[in-house]
Amino acid sequence: MAGGCTSSPGMHLEQALKEEAARQGFILAGITAPEAPAHIAAFERWLDAGLHGEMAYLSSERSRQRRADPRQLLPQCQSILVLGAPYFPSQQGKGEKSQGLEGRIAAYAWGADYHEVLPERMTKLVAFLEAQLGRPMPSRACTDSAPLLERDLAQRAGLGWIGKNTCLIHPRLGSYFFLAELLLGVALQPDPPFSTDHCGNCTRCIDACPTGCIRPDRTLDARGCIAYLTIELKGAIPEDLRPHMGDWVFGCDICQQVCPWNRFAPAAGDPAFAPHPGIPAPDLLGELALTPEAFKRKFKGSPVLRAKRRGYLRSVAVALGNQGDPSAIPALRQALADPEPLVRQHAAWALERLEYHRGENQAPQSTQSTQSTRRKPG
């Protein structure tokens, strides 16, 4: 193979690398150059408008500079290999949900944390490429852990188009896949960009978004996105948005569930991301009773740990309030004694909501006693 690379360094090496990527479980692989992203100006306008909410790490000067120039992450970078790994499609929200007080967790978080799975595979890809080259090579692996406009890079590498819901969509594989990037210190032949837009006049994702956060310019107002509210937001969820969150407790899949292109998504994802027991549709009453130790034990190796216990139980309380089932009242009353103020204030809100729907005009006394803390972040 190395000899072949010498006589024809383009096609042979690129094809070998993509075939190895497939063996490592990546269903998509494309190559692009480390040039400035085409949508960097739009991203800057999005930040300047404050639509990123409290995700300050996106708007720092250093982060902005790096997103505008991938070489700042790896000065020796000559090529970027963009990869896609599939996770299991979300089927919830289509009439298949069981009865009972269940919540929903976004499909990408049903199994192992991709931050732990994908870097190991990319390390093997680098080793493979170095073996083909016969020499060490500068490289850097990124799994949304570095400041890159990865969907921009993926479109430029020919992996799909950026849909109206801001997800990268592949015409045969839909959008249920993780993106990852390898910055490589070797010149590889870039793939042609994906130049067509297959969203057309469809607005299903925009129409289905419960909070109306998907904007017509293929950006979203993160401050209203359920994924942001349940994962990125660390303080209290704005009260006007809580009723729109439904039973989502970590992330949201609605804009992907309604996307027509996900009819073609593979029925099963990568085995590493197969659903763990009790994760896709968690029992909300049981979740609300999780101690710090039990929370860490249940979600060990899961992306859900990112929300931390207080953030997760905050969302669980909101989901219980939205269910409208008075059988949740005892558990919510017990949560008023939770050591975390964030959990207590959202449990108080859920209690008021359930008591109202039950026809009681006054909130329980224990709920009223927490009123003074309800608008303060935990």
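These exercises work through a predicted model of one protein chain.

**Exercise 1. Take stock of the chain.**
Task: find how many helices and strands the chain has, and what share of its residues is buried.

Solution.
- Step 1. Count the elements. The protein chain has 15 helices and eight strands.
- Step 2. Turn to burial. Of the 378 residues, 53% are buried.
- Step 3. Look at contacts with a separation of 6 or more. Residues 24 or more positions apart account for 75% of them.

**Exercise 2. Trace the salt bridge of K18.**
Task: find which residue pairs with K18 in a salt bridge, and which parts of the chain the pair ties together.

Solution.
- Step 1. Start with the total. The whole structure has 13 salt bridges.
- Step 2. Find the partner. K18 pairs with D191, with 2.7 Å between the closest N and O atoms.
- Step 3. Place both residues. K18 is in helix α2 (residues 11-23), and D191 is in the loop between β7 (177-184) and α7 (204-208), so the salt bridge ties together parts 173 residues apart in sequence.
- Step 4. Check exposure. The relative accessibility of K18 is 21%, so K18 counts as partly exposed. The cut-off for buried is under 20%.

**Exercise 3. Compare two further salt bridges.**
Task: for D197–R218 and for R306–E232, place each residue and state whether it is buried or partly exposed.

Solution.
- Step 1. Take D197 and R218. Their side chains form a salt bridge at 2.5 Å, N to O.
- Step 2. Place them. D197 sits in the loop between β7 and α7, and R218 in the loop between α7 and α8 (226-232). They are 21 residues apart, and the pair links distant parts of the chain.
- Step 3. Classify them. D197 is partly exposed at 42% relative accessibility. R218 is partly exposed at 26%.
- Step 4. Take R306 and E232. The closest N and O atoms of this salt bridge are 2.3 Å apart.
- Step 5. Place them. R306 is in the loop between α11 (292-298) and α12 (308-323), and E232 is in helix α8, so parts 74 residues apart in sequence are tied together.
- Step 6. Classify them. R306 is partly exposed at 38% relative accessibility, whereas E232 is buried at 18%.
- Step 7. Add a network. E44, D48 and R64 are joined by salt bridges that share partners.

**Exercise 4. Test the cysteines.**
Task: decide how many disulfides the structure holds, and check C202 and C225.

Solution.
- Step 1. Recall the cut-off: the two sulfur atoms must be within 2.5 Å.
- Step 2. Apply it. The structure holds zero disulfides.
- Step 3. Check C202. The nearest cysteine sulfur belongs to C205 and is 6.5 Å away. C202 is partly exposed, with a relative accessible area of 28%.
- Step 4. Check C225. The nearest cysteine sulfur belongs to C213, at 4.5 Å. C225 is buried, with a relative accessible area of 16%.

**Exercise 5. Find the two sides of α4.**
Task: sort residues of helix α4 into buried and exposed, then say what covers the buried ones.

Solution.
- Step 1. List the buried residues. In α4 (residues 61-68) these are S63, R64, R66 and R67.
- Step 2. Look down the axis. The four buried residues cover an arc of only 165°, so they lie on the same side of α4.
- Step 3. Turn to the other side. E61 and R62 are exposed there.
- Step 4. Identify the cover. It includes α3 (40-48) and β4 (139-142).

**Exercise 6. Read the sheet.**
Task: give the strand order of the open sheet of four strands, name its edge strands and place α5.

Solution.
- Step 1. Read the order. It is β1-β2-β7-β4, with antiparallel pairing.
- Step 2. Find the edges. β1 (28-32) and β4 each pair on one side only.
- Step 3. Take the angle. Neighbouring strands are turned by 20° against each other on average, direction ignored.
- Step 4. Inspect one pairing. β1 and β2 (residues 79-86) are antiparallel, over five bridges. L28 stands opposite G84 in β2.
- Step 5. Add the helix. α5 (residues 114-133) packs on the sheet and touches β2, β4 and β7. The direction of α5 makes about 40° with that of β7.
- Step 6. Return to β1. Four of its five residues are buried, so β1 is largely enclosed by the rest of the structure.

Methods
Residues numbered from 1 in each chain as written. Predicted model: local features only at pLDDT ≥ 70, side-chain atom pairs only at ≥ 80, totals over all residues. Heavy atoms only, no water. Salt bridge = Lys/Arg side-chain N within 4 Å of Asp/Glu carboxyl O. Buried < 20%, exposed > 50% of the residue type's maximum accessible area, 1.4 Å probe, protein only. Arc of directions from axis to C-beta. Contact = heavy atoms within 4.5 Å. Pairing = 2+ DSSP bridges. Axes fitted to C-alpha atoms, helices over the stretch in contact; angles between N-to-C directions.
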